[in-house]
Amino acid sequence: MAGVSLLDLPPLRLEELAALMGNQGMADLLEQQSIPLEETRFTLPEPVGTTPWPVPERELILSDPPPDLTAGEQGGRAFDPAGLVY
């Protein structure tokens with residue numbers, strides 16, 4: 001599979017490859033295709049001297065409630081763009 005990334009394969013081919021190689025084989029293949037991990041020290045940035053913006057005091061402005069878009073309808077399946085639900 002030289003030159004082919006696992007991300008380029010269609011889902012059906014990935015399933016076939018996973019069935020052939022098993023979980024550990026797929027993990028090894030993904031590890032070979034990734035860049036090496038690098039440890040680094042985490043530090044917080046230096047504090048920035050800022051002044052808050054003044055917000056005027058006002059009473060609450062209420063808007064009308066949104067119209068019922070699904071009044072009387074049954075809920076359906078949620079959109080699944082990644083195709084994770086079979």
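**Notebook: one bent helix and its core**

Entry 1. I listed the buried residues of H1 and found Leu 17, Gly 25, Met 26 and Leu 29. I note that the model is predicted.

Entry 2. I then looked up the secondary structure of the chain, which has one helix and zero strands. The helix, H1, covers residues 11–33.

Entry 3. I compared the span of H1 with that of a straight helix. H1 has 23 residues, yet its end C-alpha atoms are only 18 Å apart. A straight helix would reach 33 Å at 1.5 Å a residue. I next looked for a bend and found one of about 110° at Gly 22.

Entry 4. I searched for the largest nonpolar core. This core has five residues: Leu 6, Leu 9, Leu 17, Met 26 and Leu 29. Leu 17, Met 26 and Leu 29 also appear among the buried residues of H1. For Leu 29 I looked up the contacts, not counting residues up to four places away in sequence, and recorded Leu 6, Leu 17 and Met 21. As general background, nonpolar side chains tend to be buried together in soluble globular proteins.

Entry 5. I searched the whole structure for salt bridges and obtained one. In this salt bridge the side chains of Glu 16 and Arg 13 meet at 2.9 Å, N to O. The two are separated by about one helical turn, because they lie three residues apart in H1. I also checked accessibility: Glu 16 counts as partly exposed at 40% relative accessibility, and Arg 13 counts as partly exposed at 49%.

Entry 6. I closed with the totals for the chain. Of its 86 residues, 7% count as buried. The accessible surface comes to about 9300 Å², and carbon and sulfur atoms account for 59% of that surface.

Key. Residues numbered from 1 in each chain as written. Predicted model: local features only at pLDDT ≥ 70, side-chain atom pairs only at ≥ 80, totals over all residues. Heavy atoms only, no water. Helix = DSSP H or I, 4+ residues; strand = E, 2+ residues; numbered from the N terminus. Buried < 20%, exposed > 50% of the residue type's maximum accessible area, 1.4 Å probe, protein only. Areas by Shrake-Rupley, 256 points an atom, 1.4 Å probe, with all protein chains shown as cover. Salt bridge = Lys/Arg side-chain N within 4 Å of Asp/Glu carboxyl O. Expected span 1.5 Å × (residues − 1). Bend = angle between axes of the 7 residues up to and from the residue. Core = buried A, V, L, I, M, F, W, Y, C linked by side-chain atoms within 4.5 Å. Contact = heavy atoms within 4.5 Å.
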